[in-house]
Amino acid sequence: MDLNLKVWRQAGPDATGRFEIYPMHDVSEDMSFLELFDVLNEQLETRGEEPVAFDHDCREGICGSCAMMIDGRAHGPERGTATCQLHLRKLTDRETITVEPWRAAGFPIIKDLAVDRSAFDRIVEAGGYITAPTGAARDANEILVPKQASDAAMDAAACIGCGACVAACPNGAGQLFTAAKYSHLSLLPQGQPERFTRVVSMVEEMERWFGSCTNHGECEAACPKEISVNFIAMLNRDYVKAQFKNPALSGQRH
Amino acid sequence: MAISLDGGIPSGSIERKWDDYKFSVKLVNPANKRKFNVIVVGSGLAGASAAATLAELGYRVTMLTFHDSPRRAHSIAAQGGINAAKNYQNDGDSVQRLFYDTVKGGDYRSREANVYRLAQVSVNIIDQCVAQGVPFAREYGGLLDNRSFGGAQVSRTFYARGQTGQQLLLGAYQALARQVRLGNVELNNRTEMLDLVVKDGVACGVVARHLVTGAVRSFSGHAVVLATGGYGNVFFLSTNAKASNVTAAWRAHKRGALMANPCYTQIHPTCIPASDDFQSKLTLMSESLRNDGRIWVPATPNDVRSPDQIPESDRDYYLERRYPAFGNLVPRDVASRAAKREVDSGHGVGPIQNGVYLDFESAVDRLGREVIEERYGNLFQMYERITGEDPYKKPMRIYPAVHYTMGGLWVDYNLMSNVPGLYVLGEANFSDHGANRLGASALMQGLADGYFVLPATIGAHLAPLLGTEPVPTDDPVFRDAEANVDAQVHRLLSVKGTKTVDHFHRELGKIMWDHCGMARSAESLDEALTSIPALRDEFWSDVRVLGENESFNQSLERAGRVADFLEFGELLVRDARHREESCGGHFRVEHQTEEGEALRNDDDFAYVGAWEWTGEGNTPELHKESLTFDNVALAQRSYK
């Protein structure tokens with residue numbers, strides 16, 4: 001198939017960017033979207049032009065590195081699919097495909113399609129963990145976790161930290177990422193002692209970097225792991241609850 | 001150089017070695033730990049768990065990762081699970097049995113004492129991960145669930161859906177993140193180690209390049225820990241992530257660290273075959289598919305009929321025919337070689353006849369589509385996404401691909417290389433898997449090394465250094481290493497040739513796969529030993545790396561890694577050439593049984609082959625650490 005790639009090029013964080021159009025001839029439908037960029041880059045380099053910078057690594061949809069806005073949609077048109085797992089056979093109806101980096105103030109551009117997502121690391125550092133220094137753990141089966149609770153925690157924990165939720169959000173909000181990590185930990189019995197301090201510190205860190213959530217739900221639609229916006233409700237509920245909690249009383253059962 | 005390869009295995013019975021050792025090793029008192037700085041390179045399971053644990057103990061840690069976040073390390077892609085000798089299923093598992101299975105699965109080429117320790121700490125790993133909140137699969141009563149895996153007759157594998165590696169890595173990453181926030185770990189992302197710094201024979205730091213700015217910076221510490229993964233990408237096409245590379249290990253090798261058993265590479269039997277020349281990597285399909293799928297090829301060569309047009313009588317279920325006892329469930333190495341034999345003899349299927357069928361028709365008939373969907377639904381979906389074919393209607397096509405590398409930098413019982421102060425963890429070392437790794441054991445080893453082994457053994461090196469400062473980064477050894485890194489970067493940029501970095505990587509991959517892949521012969525290896533240096537020369541005279549050093553330049557990053565693969569690949573082939581036997585993932589066609597199975601030579605080759613770098617253009621020198629088996633009797637593996 002033949003198509004035109006319209007790609008955002010930007011030499012550095014402060015440089016002025018522009019679109020370039022690259023005609024691609026005779027590409028196979030079986031190619032993945034990133035393989036299309038491999039081919040483009042080989043062609044560019046052979047012509048003596050600098051290749052397009054883009055983050056990618058595992059190409060199995062799990063590392064969360066790849067991040068492209070494809071025709072205005074984070075990771076493109078296929079639901080529940082990261083850019084690396086998108087194949088051209090899903091895009092046969094198009095003549096020109098526009099490819100941009102994540103567009104969000106919280107993710108400054110590094111070069112071309114690569115952005116800096118380290119704000120996500122800061123949010124996890126702020127409280128996205130359970131304090132459990134190595135060696136102190138008791139036998140694993142002494143902690144009973146109901147299967148449904150464990151499954152729900154896993155649904156949230158499936159987040160790959162790609163940032164599509166932020167890129168898709170009209171406000172550039174980081175709620176779905178934060179809520180997914182928060183809910184994973186706070187749905188489990190092991191996560192209860194730190195639950196209310198965790199929610200406050202994660203939300204406060206999030207607000208340093210990202211916009212505010214106004215419940216558009218674009219994040220869930222864009223998420224390659226189809227993580228539910230219901231986790232945002234849980235985050236919000238616990239954040240409000242935390243305002244009324246006295247941590248000194250958190251050892252009490254009811 | 002005279003190098004004595006002493007594994008430093010503690011004396012005493014195998015059950016007591018680790019406990020006795022931990023009692024005898026020197027300790028650093030809590031108040032003194034903060035006086036030591038440890039550099040950890042790599043943020044996968046081994047690196048992240050080590051960095052977090054060392055920081056929890058009180059050491060100052062500097063973490064380097066070339067990823068944009070520690071969470072991206074390739075451990076994240078592991079699917080199946082993690083083994084532990086918990087015996088929660090009451091099916092006869094024990095530390096002794098996990099130890100035995102691992103030594104046997106490794107085809108008797110690993111160190112008994114290391115493997116025993118691995119089996120011992122496996123149970124602590126599960127406790128630790130659960131405490132951190134890893135959402136392992138559960139039974140309805142709330143207890144942990146297990147499943148079985150290849151090479152074992154017990155259910156000892158813990159798993160979190162098909163994303164066990166992801167969940168374990170996130171656990172370690174979160175522990176690391178906590179320490180970053182506390183100020184105990186200095187995190188340097190997008191920072192790639194390009195040289196090891198050694199002063200008076202002792203590792204004292206690394207030199208790294210920042211991948212966004214190109215700035216070269218020295219890091220000095222009392223010890224250096226490499227947890228930089230395996231070298232499967234020397235084959236270009238593998239299931240490894242695109243950025244996985246040998247550079248950190250190789251540069252350490254060129255500074256004196258020995259490279260052990262590089263020829264032990266694992267080929268995984270169930271991957272999606274390459275579809276064309278543009279293929280950038282291969283995708284693994286979980287081994288669990290072989291539980292219900294039947295593997296077959298057309299009985300007549302070059303039969304291009306669609307599979308539904310091929311009647312039973314014209315099909316060859318070759319694994320069931322050749323291995324009636326194990327059938328489709330033979331171990332990875334056996335299944336892989338059998339597939340290669342079929343494809344090589346013209347029985348391959350698919351558009352370019354490079355696969356074999358994995359057929360679920362009879363399983364669907366027997367169990368119903370719903371059961372198959374529940375068991376393998378996500379895998380079928382992944383297959384369809386990649387190939388565009390529906391495996392409920394048409395059998396899957398599979399073919400083996402490079403997946404894991406058992407070889408790596410040589411380490412002693414402390415996980416320290418022959419360069420004092422340089423530790424190597426996880427897939428980057430050679431230690432525990434012998435010539436073949438069992439499924440669900442890579443995650444176990446990475447976390448054992450990082451959470452439990454290194455934090456206990458590193459005191460042996462650090463305690464005597466109390467009161468000493470790290471070598472200052474303006475010392476001539478650091479200046480030399482920085483100059484070395486600068487020189488290589490500029491050499492790559494100045495060739496200004498005509499061919500891309502990927503071109504050379506692909507060419508190297510072809511040589512490696514064709515001549516040193518699933519079946520190796522003296523002839524094919526000799527040929528590779530001629531063609532790799534020729535390709536390397538061509539690389540250095542004709543590679544084209546555009547752009548500059550002082551920017552985010554991904555071609556330049558890759559060029560450095562491919563340059564190292566071009567050197568390392570030759571060593572891998574040389575190791576395969578010298579090892580005149582077949583064992584595990586290393587199959588020499590000259591050494592096979594009458595039935596075509598791997599034939600070991602225990603009399604001459606029951607040793608670790610560790611290679612020493614002797615300078616550009618010189619033949620590396622082989623050192624041997626002999627392996628003794630006091631607790632497991634050596635035997636021929638049979639799966640008939």
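This is a short tour of a predicted model, going from the interface between chains A and B to a bent helix and then to a pair of domains.

**Stop 1: the A–B interface.** Start by colouring the two chains separately and selecting the residues where they meet. On one side you'll pick up 59 residues of chain B, and they are in contact with 67 residues of chain A. Now look at the chain B side by element: helix 3 (45–57), helix 5 (112–132), helix 6 (164–181) and helix 17 (554–578) each give two or more residues to it. Helix 6 of chain B has the largest share, with 9 residues. If you colour that side of chain B by class, you should get 22 nonpolar, 21 polar and 16 charged residues.

**Stop 2: a helix under cover in chain A.** Stay with helix 6 of chain B on screen and add helix 2 of chain A, residues 118–127. How many of the 10 residues in this helix are buried? The count is 8, so to speak of it as mostly covered is fair. The buried set runs Ala119(A), Phe120(A), Asp121(A), Ile123(A), Val124(A), Glu125(A), Ala126(A) and Gly127(A). Show the surroundings and you'll find that the cover includes helix 5 (175–186) and helix 6 (195–209) of chain A, together with helix 6 of chain B.

**Stop 3: the bent helix in chain B.** Next, select residues 369–387 of chain B, which make up helix 11. Put a distance between the end C-alpha atoms: helix 11 spans only 21 Å, whereas a straight helix of 19 residues would span 27 Å at 1.5 Å a residue. Where is the kink in helix 11 of chain B centred? Click on Tyr376(B), where the kink is about 80°. Tyr376(B) is also one of the buried residues of this helix, along with Met382(B), Tyr383(B) and Thr387(B). Bring in strand 15 (396–405) of chain B, which is included in what covers those buried residues. Then step just past the end of the helix to Gly388(B), which takes a positive phi of about 75°.

**Stop 4: two domains of chain B.** Finally, zoom out and colour chain B by its domain assignment: domain 1 is 269–402 and domain 2 is 479–606. Their centres, taken over C-alpha atoms, are 30 Å apart. Each domain puts 5 residues into the contact between them. On the domain 1 side, select helix 9 (residues 332–347) of chain B, which supplies the largest share, 4 residues. By class, that domain 1 side divides into 1 nonpolar, 1 polar and 3 charged residues.

Terms used: Residues numbered from 1 in each chain as written. Chains lettered and ligands numbered in written order. Predicted model: local features only at pLDDT ≥ 70, side-chain atom pairs only at ≥ 80, totals over all residues. Contact = placed C-beta atoms within 7 Å. Nonpolar A, V, L, I, M, F, W, Y, C, P; charged D, E, K, R; others polar. Expected span 1.5 Å × (residues − 1). Bend = angle between axes of the 7 residues up to and from the residue. Buried ≥ 20, exposed ≤ 12 C-beta atoms within 10 Å, placed from the backbone. Domains from an automatic or database assignment.
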